[in-house]
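Reader: I am in my first year and would like to look closely at one part of this model rather than at everything at once. Could you take one helix, explain how it sits among its surroundings, and then move outward from there?

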Amino acid sequence: MKIYHHYSLYGFSNVYLVGNDDTKEALVVDPAEMNAALLGHIEKNDYALKAVFVTHNHPHHVRGLKTLLKIYDAQVYAANASVAGFPCRALRDGESVSTCGVSVDVFSVPGHSPDSLVFRIDGMLFTGDALHAGLIGKTLSSYNAVTLADRLKSKILDQADEYVILPGHGPPSTVGTERRFNVGLEPGYAERVTSRYDFFV
Amino acid sequence: MHTFQRCAEPGCSSLSFHGGALCLAHNPDPAAATAVAQTLLLAEDVGKDLSLAGMSFVGLDLSRRKYIGCSFIGATFRNVLFTGSTFLLCFFDRAYFEACDFSGANVQFGSFGGSEIVNVSFENTELIHCNFDGAKIRETTFNDSNLYDSRFIRGEIDHCDFENCDLKRVYFIPARQSGVSFKGSNTMEAIKDLEHLYL
């Protein structure tokens, strides 16, 4: 399995292309944008893009959908029935989806947004904005922060230390590193969170 | 991407080592497995999807190589040269580095979380989207490097130089620091407290 990381300057977001060289199929996680570099990578590898997985419906993670779906006939998967005006196959917590020759496990981790999902493919966890290297996703209340921290601890950080965290922003990490050093999981951190406006939330 | 296959030894939660079904600790001949991996590393200019967790690297010259999607989790590096090498999506979590040279290297989208880094040169290095959270870094230089979007959260940094560095979007919130120099670096563009997060 090949992973291609693309850094989108729109929202400083991470876009991931997961390619299966056996089936020559690929999926995209969080298409923040669709540009020549990403398209070139799909075409150069002769991939058929079959699926798009959306961790949450914020513009800087889905803006590329419009372009992508003009080019490829891909199924969109998200927590909601539609994203950016495009119909989606709605996913639920604990579900597994088989596509592109891989199994995608779905974890619901609300807090940063009500529709936040984490996807696991093999030992890779695509955490969107729920979990970043060293931090948890920004929330608008301490209630949401506590909810998010609890879900992360019980569903994501109970997995193997070596599993890889591929977040929606910033550098990658591993489950073991986040369990030991994530600031957002420190006792009392979530309770101190206050509401604050930010364009790129 | 490197394998996430578990070690075949019952009860072991580690990942299997390159070329086998067991982790290095449960391999009946770890020296032979390490020698095979070392020969491969020295023979090839490009390493893809290698699973070398826990391996010990001593005195190797791996300059001007390229590594993609490799796991070096928990590995030990002593007197290793990575001068001018490229690392994409490589993981060095919980690794130990001593007297190594990454000068002129290009490290993108990698993780050094929880590692221990002693007397290492990252001079003139591209360290873009790199995770140093929880890392204990001592007597190490990052001078003249581009650290764009990298993170140093809850680590311990002692007597290190970050002079003439690009610190744009760098999260520099260590648990402890002493004797750290930022001379000539754009510290105003770094995030140094949790009140000013972009996320």
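Author: Helix 4 of chain A runs over residues 142-156, so named because helices (H or I, at least four residues) and strands (E, at least two) are DSSP runs, numbered from the N terminus. This helix has 15 residues and reaches 20 Å from its first C-alpha to its last, which is close to the 21 Å expected at 1.5 Å a residue, the expected span being 1.5 Å times one less than the number of residues. This is a predicted model, in which local features need pLDDT of at least 70 and side-chain atom pairs count only at pLDDT 80 or more, while totals for chains, interfaces and linings use all residues. Residues are numbered from 1 along each chain as its sequence is written, and chains are lettered from A and ligands numbered from 1 in the order in which they are written.

The buried residues of helix 4 of chain A are A:Asn144, A:Ala145, A:Leu148, A:Ala149, A:Arg151, A:Leu152 and A:Ile156; a residue is buried if 20 or more other C-beta atoms, placed from the backbone, lie within 10 Å of its own, exposed if 12 or fewer do, and partly exposed in between. They cover an arc of only 165° around the axis, which puts them on the same side of helix 4 of chain A, where the arc is that of the directions from the helix axis to the C-beta atoms. An α-helix has 3.6 residues a turn, so residues three or four places apart point the same way.

What covers these buried residues includes strand 10, strand 11, strand 12 (124-128), strand 13 (131-132) and strand 14 (135-136) of chain A, with contact taken as C-beta atoms, placed from the backbone, that lie within 7 Å. Strands 10, 11 and 12 of chain A are also among the six strands of an open sheet, in the order 9-10-11-12-15-16, whose pairing is mixed; two strands pair if DSSP finds at least two bridges between them. The edge strands of this sheet are strand 9 (96-99) and strand 16 of chain A, each of which pairs on one side only. Within the sheet, strand 10 (residues 102-108) and strand 11 (residues 117-121) of chain A pair in the antiparallel sense over five bridges, and A:Asp105 stands opposite A:Arg120 in strand 11 of chain A.

The edge strand 16 (173-174) of chain A also leads to the other chain, for strand 1 (2-8), strand 16 and helix 5 (175-181) of chain A each supply at least two residues of the side of chain A that touches chain B. The contact between the chains takes 31 residues from chain A and 29 residues from chain B. Helix 5 of chain A gives the most to the chain A side, with four residues.

Elsewhere in chain A, a parallel pairing can be set beside the antiparallel one. Strand 3 (residues 25-29) and strand 4 (residues 48-53) of chain A pair in the parallel sense over five bridges, and A:Glu25 stands opposite A:Ala48 in strand 4. In the loop between strand 3 and helix 1 of chain A is A:Asp30, whose phi is near 55°, a positive value in a residue other than glycine. A:Asp30 counts as buried because 28 C-beta neighbours lie inside 10 Å. The loop between helix 1 and strand 4 of chain A holds A:Asp46, which has a positive phi of about 60° although it is not a glycine. A:Asp46, however, is exposed, with 10 other C-beta atoms within 10 Å.

Methods: Contact = placed C-beta atoms within 7 Å.
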